[in-house]
Amino acid sequence: MRVLLTTYPEKTIFQPMVTLAWALRTAGHEVRVATQPGFEDVITGAGLTAVPVGRRGVGNWRRLTEAYPDLAEAERVGLPSPYDAAVSGVGTREEMASGYASILELWHKQNNFPLVTGLVEFARAWQPDLVIWEPTTYAGAIAAAACGAAHGRLLWSIDVFGAARERFRALGPGPDPLAGWIAGYGRKYGFAFAEELITGQFTIDPVPEPIRLDTRLPTLPVQYVPYGGAAGVPDWLKRRSDRPRIGLTLGTTATEHFGGYTVSVPDILAALSDVDAEIVATLPDAEAAKVTEVPANARIVPYVPLHALVPTCAAVINHAGPGTYLTTARYGVPQLAVPWEFDEPELARRATVHGSALTLTGSEVSGKAVRANVLRLLSEPSFTTRARELAARMAATPSPNDVVQALEDHVARRNA
């Protein structure tokens with residue numbers, strides 16, 4: 001097959017696509033990854049073939065934070081409308097329609113408009129059999145419909161997009177800003193609107209079943225296999241620590257797109273300074289500079305491959321970003337989540353209900369509270385037991401290689 005993957009140019013959104021792209025490639029299929037110009041090095045650095053389409057951009061979050069800094073920080077807190085309805089189960093159709101109209105202008109149009117024309121032109125020229133798109137890169141569905149290819153979504157977290165859509169449609173007929181916007185491209189490129197242009201013909205879901213946000217959409221579960229970019233393992237990580245190791249990692253989005261972390265790393269390190277453990281904190285330079293006194297039991301590094309660090313840890317403190325959460329879950333390590341933005345609070349809540357994690361939110365977060373919860377993770381065996389059970393569930397989920405067969409079958413049925 002010819003398989004086209006597409007996303008907007010953000011590393012944390014692209015990286016969850018890489019291992020499936022590798023599996024497709026090693027199964028003998030031709031694979032291309034298309035996004036805006038300027039992102040080619042990230043794609044080729046993953047060993048994949050990049051196709052620049054559309055016009056160069058700086059990324060939606062950067063545009064948003066530069067143009068509307070106050071709005072950007074406000075949007076950072078939890079799920080915005082209409083996606084909050086996916087977990088709250090409340091909201092009228094009028095409220096959700098208003099949410100769709102707003103999120104279209106702030107997010108989806110900003111990310112998709114620069115891609116659509118070039119992506120359609122490339123798809124019509126290359127004629128892929130299958131298009132796999134990140135769940136808000138609707139340009140992928142539009143291009144697939146324009147060239148007649150099969151297509152589906154590849155999730156990077158819980159499916160708030162599909163769940164919100166199901167609730168919205170269940171509330172009855174009425175204005176539908178998202179459908180109306182995509183239908184406009186259908187009139188331009190010669191296809192009729194169908195709901196699959198929003199939710200895909202199928203959905204590939206890497207979130208393990210106990211944590212997954214279920215929908216009634218056709219779903220292909222896939223084992224989460226971490227990829228965080230090219231990196232090497234430092235010498236100190238090759239040796240076992242003589243004490244329990246605690247990881248502290250708060251992701252890149254907070255510092256690359258917003259004003260920094262929402263928690264005080266110096267306070268956390270100070271509170272953990274008397275714990276008989278080795279603390280490994282991965283901090284960008286700007287955040288590391290805020291730590292004026294590094295405790296004797298702490299090691300601060302700018303970056304370390306998470307899939308190499310996590311298996312050596314007894315617990316990990318993190319922001320419940322999906323890549324960080326899923327990588328830690330894969331290795332059966334209990335987690336303390338300090339979530340803030342978009343899907344993080346709900347992902348952390350689900351992990352806590354499962355029993356493999358603890359969560360501190362908002363004003364609950366302090367050095368003292370982090371210390372108390374970390375000590376619980378280290379001293380109460382149930383957290384490790386549940387984390388290992390979850391890891392076993394993940395390991396039993398079909399691998400990316402296994403999912404390739406299901407994708408081949410889907411295309412074959414569609415072409416029969």
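Visitor: How are Phe 122 and Trp 126 placed relative to each other in helix H7?

Guide: An α-helix has 3.6 residues a turn, so residues three or four places apart point the same way. In this predicted model, Phe 122 and Trp 126 are four residues apart in helix H7, a separation of about one helical turn. The two rings form a stacked aromatic pair, 5.6 Å centre to centre with 20° between the planes.

Visitor: Are Phe 122 and Trp 126 buried or exposed?

Guide: Buried means under 20% relative accessible area. Phe 122, at 18%, therefore counts as buried, and Trp 126 is buried with 10%.

Visitor: What confidence does the prediction carry along the chain?

Guide: The mean pLDDT of the chain is 93, and 93% of the residues reach 70 or more. Over residues 254-258 the pLDDT is below 50, although this stretch has 20 contacts in the model beyond near neighbours in sequence.

Visitor: Which aromatic pair involves Trp 107?

Guide: The structure holds 15 aromatic pairs. Trp 107 and Phe 161 form one that is edge-to-face, with 6.0 Å between centres and 65° between the planes. Trp 107 belongs to helix H7 and Phe 161 to helix H9, so the pair ties together parts that are 54 residues apart in sequence. Both Trp 107 and Phe 161 are buried. Ring pairs also join these two with Tyr 83, Tyr 100, Trp 156, Phe 168 and Phe 342 in a cluster.

Visitor: How many residues of helix H9 are buried?

Guide: Eight of the 11 residues in H9 (residues 160-170) are buried, so the helix is largely enclosed by the rest of the structure. Among the buried residues are Val 160, Phe 161, Arg 165 and Phe 168. Their cover includes helix H7 (93-126), strand S5 (150-154) and helix H10 (177-189). Just after H9, Gly 172 takes a positive phi of about 105°.

Visitor: Where does Val 160 fit in the nonpolar core?

Guide: In soluble globular proteins, nonpolar side chains tend to be buried together. Here the largest nonpolar core has 63 residues, and Tyr 83 and Val 160 have the most contacts inside it. Helix H7 gives the most to this core, with 13 residues. Leaving aside residues up to four places away in sequence, Val 160 touches Leu 79, Tyr 83, Ala 86, Leu 213 and Phe 342.

Visitor: What does the side chain of Arg 165 meet in a salt bridge?

Guide: Side chains of opposite charge can pair when their charged atoms come close. Arg 165 and Asp 176 form such a salt bridge, at 2.5 Å from N to O. Arg 165 lies in helix H9 and Asp 176 in the loop between H9 and H10, 11 residues apart. Arg 165 is buried, with a relative accessible area of 1%. A network of salt bridges links Arg 165 and Asp 176 with Arg 169 and Glu 195. Arg 165 also lies over the face of Tyr 100, at 5.6 Å from the ring centre.

Visitor: Which residue forms a salt bridge with Arg 245, and which with Lys 238?

Guide: A search of the whole structure finds 19 salt bridges. Lys 238 pairs with Asp 235, the closest N and O atoms being 3.1 Å apart, and both residues are exposed. Arg 245 pairs with Glu 278, with 2.8 Å between the closest N and O atoms. This second pair links strand S8 (residues 245-249) to strand S9 (residues 278-282), and its residues are 33 apart. Arg 245 counts as buried at 3% relative accessibility, and Glu 278 is buried with a relative accessible area of 9%.

Note on methods. Residues are numbered from 1 along each chain as its sequence is written. This is a predicted model: local features need pLDDT of at least 70, side-chain atom pairs count only at pLDDT 80 or more; totals for chains, interfaces and linings use all residues. Side-chain values use heavy atoms; hydrogens and water are left out. pLDDT is the predictor's confidence in each residue, from 0 to 100. Contact means heavy atoms within 4.5 Å. Buried means under 20% relative accessible area, exposed over 50%, partly exposed in between (1.4 Å probe, protein chains only). Helices (H or I, at least four residues) and strands (E, at least two) are DSSP runs, numbered from the N terminus. A nonpolar core is a set of buried Ala, Val, Leu, Ile, Met, Phe, Trp, Tyr and Cys residues joined through side-chain atoms within 4.5 Å. A salt bridge is a side-chain nitrogen of Lys or Arg within 4 Å of a carboxyl oxygen of Asp or Glu. Rings of Phe, Tyr and Trp (its six-membered ring) pair if their centres lie within 6.5 Å; planes under 30 degrees apart count as stacked, over 60 as edge-to-face and the rest as tilted. A charge sits over a ring if NZ of Lys or CZ of Arg is within 6 Å of the ring centre and within 35 degrees of the ring normal.
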